[in-house]
Structures are given as C-alpha cells and as structure tokens.
Amino acid sequence: SFRSMLDALESSRVQQHRLIHDAGHELRTPITVVRGHLELMGDDPGDRRSTIALVTEELDRMALMVNDLLLLAKSEQLDFVTVEPVELSDLTTDLAVRARTLGDRVWRLGECGEGEVQVDPQRIAQAVLNLVRNAVEHTAPGDEIAIGSVADADGVSFWVRDHGPGIAPEDRRRIFERFDRGTSRHRGVGADGAGLGLSIVRAVADGHCVMQLWTRV
C-alpha cells in the first residue's frame with residue numbers, strides 16, 4: 001500500500017510538471033502575437049481597429065485555454081463528478097438540441113437510450129459537446145452529424161458520429177493527450193484550438209468510472 005501511494009504521488013508530480021510545461025509552451029504563442037501587434041500598432045484608426053480585434057481574439061483563446069486547464073486540474077479531485085438520477089432519453093435529446101448551435105450542419109438524433117441513469121449531467125454535457133465541436137471542425141456545412149446514447153449491462157455510452165476524414169491510425173493512441181491536435185486532413189473554422197477538448201472528454205469518462213467504483217466499494 002505504501003509503495004502504491006508513492007507511485008501515485010510520483011505519477012501526480014510528473015503529470016503536474018508536464019501540465020505546467022505544456023501550458024507554458026502553448027500560452028507563449030498567443031502572448032507573443034499580442035505583444036508583437038501592440039508594438040507595431042500605429043495611429044491609423046483602421047489599423048488600430050484591426051489590431052484590437054486580433055488582440056481580443058487571442059485573449060479570448062487564452063481565456064478558453066486557461067478555463068480548460070483549470071477544468072483538467074479539477075478532474076483529479078474526488079468531487080469532480082457528482083452523479084444524480086437522470087432520465088437518459090431526456091439528457092440525450094437536450095444534448096442534441098444544444099449541439100445545433102455549434103455549426104451549420106445537418107443534425108440528427110440517433111439511437112436514444114432509455115431509463116434512469118446515475119451520471120453528472122453537467123460533465124456529460126461538457127464531454128459530448130467537446131466531441132460535437134470536433135465533429136464540426138472536421139466537417140463542412142451541410143454534412144450530417146448524429147448524436148445518440150446507449151444503455152446496457154456494461155453501462156451508459158454517449159456517441160457523436162460524423163462523416164469527416166476520421167482519425168489517422170498513427171494518431172489514435174495519443175489524441176486524448178493534452179495539447180495534441182492530431183493530423184486531420186480537413187480542419188474547418190474553429191479548428192485552431194489548444195488540443196484540450198478530448199482530454200476533457202477522457203477526464204469526464206474516467207471521473208464517472210472512478211465514481212462508480214468508489215460507490216460500489
């Protein structure tokens with residue numbers, strides 16, 4: 001038990017060190033862009049407007065990245081997931097409705113599981129909508145994206161299906177790592193994210209698995 005505790009502490013230390021290193025690397029680029037454009041900004045009103053717009057966009061991207069990093073940091077805490085009884089079909093339908101605001105696509109509600117399940121609806125929404133954003137980024141207007149859920153003896157599954165280029169075989173082992181963006185051949189509007197979305201999806205899934213095991217114990 002003592003050895004297991006030391007291994008867990010060492011793993012946590014390594015993960016925190018990596019997170020700090022990766023976050024510093026990713027934040028350095030937008031900071032450099034903002035500083036460079038502010039230094040070059042002249043007195044021309046048009047130039048100032050375009051610079052302010054660019055700087056605001058970069059700051060918004062940094063704020064989103066920081067929020068995602070804080071979410072991933074919280075995912076290591078026991079209270080990250082708080083389950084409650086939820087009607088699966090209602091939750092799935094709600095997710096499909098919310099997804100429609102994320103892009104001009106042909107949205108479809110697929111297979112919809114039924115029955116009461118024990119999940120954290122807020123965290124599930126974060127995970128599924130991150131998958132939806134990925135689907136939007138790798139498809140084009142008019143393409144179909146479907147959302148659904150399944151409940152069986154093994155648990156509950158939520159899925160998002162699209163007809164984009166898919167995930168390259170060499171990327172499949174690492175796409176859930178922080179800051180990994182993969183090498184998709186098609187990257188649409190909004191595809192310049194920090195590569196944290198799938199890490200959040202994995203954290204939510206892992207959080208529910210841990211909560212299920214803790215409840216059983």
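The protein exposes about 13,700 Å², of which 55% is supplied by carbon and sulfur atoms. The structure is a predicted model, and buried residues make up 33% of the 217 residues in the protein. The secondary structure comprises 5 helices and 5 strands, and from the N terminus on these elements follow the order α-α-β-α-β-β-α-β-β-α. Among contacts between residues at least 6 apart in sequence, 71% join residues at least 24 apart.

Helix 3 was examined with respect to both its length and its burial. For the 12 residues of this helix, residues 88–99, a rise of 1.5 Å a residue gives an expected span of 16 Å, and the end C-alpha atoms are 16 Å apart, which agrees with that expectation. Within helix 3, the buried positions are L88, S89, L91, T92, L95, A96 and A99. Seen down the helix axis, these buried residues fall within an arc of 165°, so they line one face of helix 3. An α-helix has 3.6 residues a turn, so residues three or four places apart point the same way. The cover over the buried residues of helix 3 includes strand 1 (84–87), strand 2 (106–109), strand 3 (116–119), strand 4 (144–152) and strand 5 (155–162), together with helix 4 (121–137).

At the surface, F2, M5 and L6 make a nonpolar patch of about 320 Å². Of these residues, M5 is placed in helix 1, which covers residues 2–40, and M5 counts as partly exposed because its relative accessibility is 43%, a value that lies between the 20% limit for buried residues and the 50% limit for exposed ones.

Technical notes
Residues numbered from 1 in each chain as written. Predicted model: local features only at pLDDT ≥ 70, side-chain atom pairs only at ≥ 80, totals over all residues. Heavy atoms only, no water. Helix = DSSP H or I, 4+ residues; strand = E, 2+ residues; numbered from the N terminus. Expected span 1.5 Å × (residues − 1). Buried < 20%, exposed > 50% of the residue type's maximum accessible area, 1.4 Å probe, protein only. Arc of directions from axis to C-beta. Contact = heavy atoms within 4.5 Å. Patch = residues over 30% accessible without salt bridge, like charges linked within 9 Å, V, L, I, M, F, W, Y side chains within 5 Å. Areas by Shrake-Rupley, 256 points an atom, 1.4 Å probe, with all protein chains shown as cover. Salt bridge = Lys/Arg side-chain N within 4 Å of Asp/Glu carboxyl O.
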